[in-house]
Amino acid sequence: MKSLRFTPAILSTVVLLVLTSLMLGIRLEPSGVGLKVTMAETSSLYWIAAGAVVVFFFQLFRAPIDRGMSGIKQQLPSVPKEPLRQIADKKGFKTTLICFAVAGLMIWPFFVSRGAVDLATLALIYVMLGLGLNIVVGLAGLLDLGYVGFYAVGAYSYALLNQYLGLDFWSSLVLGGVLAAFFGFVLGFPVLRLRGDYLAIVTLGFGEIIRILLNNWTSITGGPNGISQIPKPSLFGLEFGRRAKEEGNVPFHEFFGIDYSSTYKVIFLYILAVLLVIATLFVINRLLRMPIGRAWEALREDDIACRSLGLNPTAIKLSAFTIGAAFAGFAGTFFAARQGFISPESFTFIESAIILAIVVLGGMGSQVGVILAAVIMTVLPEFAREFQEYRMLMFGLMMVCMMVWRPEGLMPMKRPHIKIKSKKSETESSVKIPSVAESV
Amino acid sequence: MPESFFYFIQQLLNGLTVGSTYALIAIGYTMVYGIIGMINFAHGEIYMIGSYIAFAVLAALAMMGIDSVSLMLISAFVISIIITSTYGFAVERVAYRPLRNSNRLIALISAIGMSIFLQNYVRLAQGSRDIAMPSMISGGWTFGPEDGFHATVSYMQLIIFVVTFISMTALTLFISRSKMGRACRACAEDLGMTGLLGINTNQIISITFVIGAALAAVAGVLLGMYYGVINPYIGFMAGLKAFTAAVLGGIGSIPGAVLGGLILGVTEAFTAGYFSSEYKDVVAFSLLVLILLFRPTGILGKPEVEKV
Amino acid sequence: MIRKMNKTLAALAALAALAVSAAVAGASGLAQAADTIKIALAGPVTGPVAQYGDMQFTGAKMAVEQINKQGGVNGKQLEAVVYDDACDPKQAVAVANKIVNDDIRFVVGHLCSSSTQPASDIYEDEGVLMITAASTNPDITSRGYELIFRTIGLDSLQGPTAGNYIVESVKPKRMAVIHDKQQYGEGIATAVKNTVEKAGVDVAVFEGVTPGDKDFSALIAKLKKENVDFVYYGGYHPELGLILRQGAEKGLKAKFMGPEGVGNKDISAIAGPASEGLLVTLPKSFDQDPANAKLVAAFKAKGEDSTGPFVFPSYSAVQVMAEGMTLTKSESPEKVAGALRSNNFKTPTGNLAFDGKGDLKDFSFVVYEWHADGTKSVASK
């Protein structure tokens, strides 16, 4: 029985016991004003024992298990892709698909509960943020850990413009994006010559500085009190509240002579989010096909080659940074409108980390992946509400497992590429023209 | 001597105390970065776990009726270092080793995930409330004018200085003199080549994580006793500050981490002392940005060579 | 070119549509038939302030249990459903929408003012009655809402109580006001500062600290240098505990005072002997009221801690809700809100009556003196 590995099995079990002994095995309890140690509940001791047994046997039979796993992997049939592609290439099909998809997205909220629509709206905000950060991290390859700063700029610009100048959502949406882009430009200018991890920590610093300044500047931003009663967007001057908040405005339901239902407001916000996401996708896809988009990717792949070809890396990085920031600004403005209340605690570092996780989980550079990841990251915790105690634990675990098992993300980015066949296959089939995969 | 002089000294001492603990944690970041070029985001949580273990040991000993402070301290250090190092070892095996050859970002996300996981693991095991412990070593030295402001150094602060100094010296000796230390330096220089020369690089990387975790445990024990309060969330901020310190000093350089930690600590103390606590973090981060603008690889960092 | 892009867009849009709808449709729960009256308890189950959430849940669940034992409300049983907002404003909005979605018309919560505020917008709009037992920020009830109530005092009330006590009884020579830059702490600290400054007390230092920070030595040196003999701290106990502890070590000889957020046994565990003599403004400590002895015993029987400041206000919140339903014989939040405004309720936190804004007409804070063993006694005037 050479495949049984006793030493590593015993070792791993010992490691597990050491790890859990003074953490799960005991409980620190305050007693009066002192501290005492008690044994943990019997159930958690059982859990430790069960864990130890599982680890022991897993390590013991590791070799056969690995063999079995690889056997399964080989047996899995691969899905033939050609027929699908042919269907997808048919003329008219894509137009139909767009129509169906958009129609589905628009009609769907009328048939489900308002909580679901609201959740979908939140997911769409993250889709927007993910797509924006995807430009910076996924396409241009700049590690930005302070993206949430620009999100905050967008949210606060709507809140402040509305509070002090009385601007409505629509003009603030534009201004919020522009302001965030401006911040991205100004902050990006000095720091973009830094490389890799230095850039990461500086952007992290900027994100924190923006948040702390918002928190300390009480006279303007309300400091920790935040800004409340931010109006919801209106549809051509029609408001969605029970009563119109502004003089001369007519509530939506009165205008159409239907009964008041708060669901309209939620659905309206949702549809707005869908439109914003579609606009974002449209703009980004255009940019990607422009020289600038190509330059982003080229820069990510090879800095030096890029410079040798006469591209100006600073200008390219700056454009990615600025455009990425602009989308965060749009998302922020919308977030402020959906939330109705914002305070600096919504813009902490962990938010940046989550957006970054969305980009990486989705597969860097891949927009489909980012959308999928954003939806999963927002909706999955809701499913797990039953286990709310364990929610964040599982979230962390999922991030690790995903990276270990599928580091390229859910939907890796595809790009036009030509595979040079190895010599052996060349001799077999004379010259096969390599297929050019579609880029996303 | 004028009162303001003693005030200055007091703030300097305060800054150096905080700075030395930043330095202890920062070394973990910098060593890992120096060898495999990844940011071990979960390092702050390792420090937090070190604090918890120390509290458990101290409370257990107190319950057994042992009241010799030195015995308690030594056992807290030893047990905390052993268990926390095991955590460092396990984290590397589970979350980072499978990603050794992948993109930097992948490892970073895995590390962030690990950080969230560990934080919540401790929360579930020990609850989210603050756990406090009475101070064991109190008192200190005072110097300055009889009337008016006088500077104070508590014994605990002294212990922090001394232990930090000892750990740093031991680490420097280990890295510069021992065979293992030479292997570590070789790995930092060129991981692939070192492997070709017959050194077990996986083992060296494991050792790096263990040393980093052990130093984090030292910081955990010291700070846990100095402040007397721990909760599952302390690791995050401490880790962030230590990471900043590591980058400030030039990530990958051990003297840089120490220097960065001290500079960061002193800057924070002076900002709080002469300006306002509210802007402590803003000034700390602005300093970082400024230094990186003029020295893009940190104070003691090696300038990056562009490789094609 | 355009053709290619359209296809990409189509694929993207289709995917988004599928993913969003499939995922979310599954997530939304089904409304259940109402043979019980559900009360949502919204507050932090996770996150750094979860321990305050526990206080709220403990009190409210006990009330639900006892009311059910006495036959429930209008022949129906109450059912408490816990929702976790982690004290995060974003999650609070999601939770509020979920509560509306689950067809629950009564909410006890939220805990943090910054969560209560955005959530209350939704409750008011959707006709859900909300009573918070812990959020003390004045803004929550100052917006003319009809369905938003609270069973705890306001920061704007607690600040002046503390301020007046400082001016009349402490009479400091030089004082400092420190806060944690959060809505709750800074609100009270500002109110205290305004009150004492009006009375001519010199506030030498007014400064914020970072919540979660552990090292306050720089701040303490500053207080020492400024010769401050009295410090008011607006915030929660972990930070003040550390300030006290480090202050004692560094020889800072000042008296401290704080709001109910610091009035927690843990402060003595953190600060040790340094917590002796700390002044705390607290709602009358209901667990020491002889009239509540039976209730305290009930908590004890369940092995629960009844000493937290939000336990009894949460109990009262559930109780007035139930009594409002009984009085109006209905489950309509609007009618219950009307009944709450026009009636008096005898609860463990005293005789409660609500004003037009939804605040308690009469809620008094008492200044207590804290002792090193975690107990407190009424401070002498």
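In strand β8 of chain C, residues 230-234, the residue that bridges to Ile178(C) is Tyr233(C), and I start with that pair because it belongs to a parallel pairing of β6(C) with β8(C) that runs over five bridges. Please keep in mind throughout that this is a predicted model, and that everything I quote is computed from it.

Staying with β6(C), which covers residues 174-179, we can ask which strand it pairs with over six bridges. That strand is β7 of chain C, residues 202-208, and the sense of the pairing is again parallel; within β7(C), Val205(C) is the bridge partner of Ala176(C). The connection from β6(C) to β7(C) goes through helix α6 of chain C, residues 183-198, and the resulting β-α-β crossover is right-handed. As for the surroundings of β6(C), five of its six residues are buried, so the strand is largely enclosed by the rest of the structure.

Let me move to another part of chain C, where five strands make up an open sheet in the order β2-β1-β3-β4-β5, paired in parallel fashion. The edges are occupied by β2(C), residues 77-84, and β5(C), residues 148-150; each has a single partner strand, and therefore one side of each is left without a neighbour in the sheet. From one strand to the next, the twist averages 25°. If we look at one pairing inside this sheet, β3(C), residues 106-109, and β4(C), residues 129-132, are joined in the parallel sense over three bridges, and there Val108(C) has Ile131(C) of β4(C) as its bridge partner.

Which helix packs on the sheet and touches β1(C), β2(C) and β3(C)? This is helix α2 of chain C, residues 50-69, whose direction makes about 165° with that of β2(C). A further helix, α11 of chain C, residues 311-328, lies across β1, β2, β3 and β4 of that chain, and runs at about 165° to β3(C).

One residue of α11(C) that I would like you to find on the screen is Gln319(C). Is Gln319(C) buried or exposed? There are 23 other C-beta atoms within 10 Å of its own, and since 20 or more is the criterion for burial, Gln319(C) counts as buried. Leaving out residues up to four places away in sequence, Gln319(C) touches Ala63(C) and Thr347(C). A long separation in sequence also shows up here in the distances, with Gln319(C) and Ile67(C) 252 residues apart along the chain and 7.8 Å apart in space, C-alpha to C-alpha.

Now to chain A, which has 19 helices and four strands, and of whose 440 residues 47% count as buried. If we take the contacts in chain A between residues at least 6 apart in sequence, 74% of them join residues at least 24 apart.

Among the helices of chain A, α15(A), residues 313-339, has 27 residues, which at 1.5 Å a residue should span 39 Å, and its end C-alpha atoms are 38 Å apart, which agrees. This helix is mostly covered, with 23 of its 27 residues buried, and it is followed by Gly340(A), whose phi is positive, near 80°.

For a contrast in exposure, take Phe185(A), which lies in helix α8 of chain A, residues 169-191. Phe185(A) has 16 C-beta neighbours inside 10 Å and therefore counts as partly exposed. Apart from residues up to four places away in sequence, Phe185(A) touches Leu318(A) and Thr322(A); and although Phe185(A) and Ala326(A) are 141 residues apart along the chain, their C-alpha atoms are separated by 9.8 Å.

Chain B offers a helix to set beside α15(A), namely α8(B), residues 201-227, whose 27 residues reach 38 Å from first C-alpha to last, close to the 39 Å expected at 1.5 Å a residue. Of those 27 residues, 23 are buried, and the residue that follows α8(B) is Gly228(B), with a positive phi near 80°.

Finally, the nonpolar core. The largest one has 353 residues, and those that touch the most other members are Met128(A), Ala357(A), Ile358(A), Phe55(B), Ala56(B) and Met321(C). To see what surrounds one of them, consider Ile358(A), which, with neighbours within four places in sequence left aside, is in contact with Tyr126(A), Gly130(A), Val370(A), Ala373(A), Ala374(A) and Met377(A).

Note on methods. Residues are numbered from 1 along each chain as its sequence is written. Chains are lettered from A and ligands numbered from 1 in the order in which they are written. This is a predicted model: local features need pLDDT of at least 70, side-chain atom pairs count only at pLDDT 80 or more; totals for chains, interfaces and linings use all residues. Helices (H or I, at least four residues) and strands (E, at least two) are DSSP runs, numbered from the N terminus. The expected span of a helix is 1.5 Å times one less than its number of residues. A residue is buried if 20 or more other C-beta atoms lie within 10 Å of its own, exposed if 12 or fewer, and partly exposed in between; C-beta atoms are placed from the backbone. Two strands pair if DSSP finds at least two bridges between them. Axes are lines fitted to C-alpha atoms, for helices over the stretch in contact, and angles run from 0 to 180 degrees between N-to-C directions. Two residues are in contact if their C-beta atoms, placed from the backbone, lie within 7 Å. A nonpolar core is a set of buried Ala, Val, Leu, Ile, Met, Phe, Trp, Tyr and Cys residues joined through C-beta atoms within 7 Å. A crossover is right-handed if, with the strands pointing away from the viewer, the path from the first strand over the helix to the second runs clockwise.
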